Amino acid sequence: MTHSPVPVNIADKLSQFSDLWSQKRIADVNDYEVKLAKLKGEFVWHTHEDTDELFLVISGRLTLQLRDGDVVLGPGELFVVPRGVEHCPVADEETAILLLEPTGTLNTGDAGGPRSKAPEAL
């Protein structure tokens with residue numbers, strides 16, 4: 001059976017949820033998940049020992065706190081946190097981001113705790 005190619009509309013996907021700090025899987029690329037999330041406030045300091053993590057800001061402003069300085073991203077900007085680098089995402093205003101990570105990557109990395117959540121398919 002042949003499937004018609006259908007693009008993923010990021011704005012449409014973002015309109016389908018409002019919960020914060022909850023990753024939504026919108027596509028798979030090989031062994032990676034493409035995820036959306038809405039952020040506001042401060043997350044937890046954590047590390048992903050085995051993988052880099054790509055953050056792309058769609059709307060709002062995201063500060064990635066790193067131990068050696070902050071990286072501030074606006075719409076259309078991305079940053080890759082290298083594997084093993086401790087970081088803490090902070091959004092002073094509601095911010096929408098796209099993440100690219102290997103399938104199964106825990107949002108809180110090595111920190112674990114009550115904010116750990118598996119991504120939900122959207």
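Which backbone oxygen does the side chain of K38 reach? In this predicted model, the partner is the backbone oxygen of F17, at 2.6 Å from the K38 side chain.

**The setting of K38**

K38 sits in strand β2, which covers residues 32-42. This lysine is buried yet forms no salt bridge. The nearest side chain of opposite charge belongs to E94, 4.4 Å away, and a salt bridge would need a nitrogen-to-oxygen distance within 4 Å. Leaving aside residues up to four places away in sequence, K38 touches L14, F17, S18, D19, L20, W21, E94 and T95.

**An aromatic pair**

One of those neighbours, W21, leads to another feature. Searching the whole structure turns up one aromatic pair. The ring centres of W21 and F43 are 4.8 Å apart and their planes meet at 10°, so the pair counts as stacked. W21 belongs to the loop between α1 (10-14) and β1 (24-29), while F43 belongs to the loop between β2 and β3 (53-59), so the pair ties together parts 22 residues apart in sequence. Both W21 and F43 are buried.

Here are the distances side by side:

| From | To | Distance |
|---|---|---|
| K38 side chain | F17 backbone oxygen | 2.6 Å |
| K38 | E94 side chain | 4.4 Å |
| W21 ring centre | F43 ring centre | 4.8 Å |

**The chain as a whole**

The protein chain has one helix and eight strands, with the helix placed before the strands when read from the N terminus. Of its 122 residues, 41% count as buried. Among contacts with a separation of 6 or more, 65% come from residues 24 or more positions apart. The accessible surface is about 6800 Å², and carbon and sulfur atoms hold 51% of that area.

Technical notes: Residues are numbered from 1 along each chain as its sequence is written. This is a predicted model: local features need pLDDT of at least 70, side-chain atom pairs count only at pLDDT 80 or more; totals for chains, interfaces and linings use all residues. Side-chain values use heavy atoms; hydrogens and water are left out. Helices (H or I, at least four residues) and strands (E, at least two) are DSSP runs, numbered from the N terminus. Buried means under 20% relative accessible area, exposed over 50%, partly exposed in between (1.4 Å probe, protein chains only). Contact means heavy atoms within 4.5 Å. Accessible areas come from the Shrake-Rupley method with a 1.4 Å probe; for residues, only the protein chains shown count as cover. Lys and Arg count as positive and Asp and Glu as negative; His and the chain ends are not counted. A polar contact is a pair of N or O atoms within 3.5 Å; within protein, one must be able to donate a hydrogen and the other to accept it, and residues adjacent in sequence count only if both atoms are side-chain atoms. Rings of Phe, Tyr and Trp (its six-membered ring) pair if their centres lie within 6.5 Å; planes under 30 degrees apart count as stacked, over 60 as edge-to-face and the rest as tilted.
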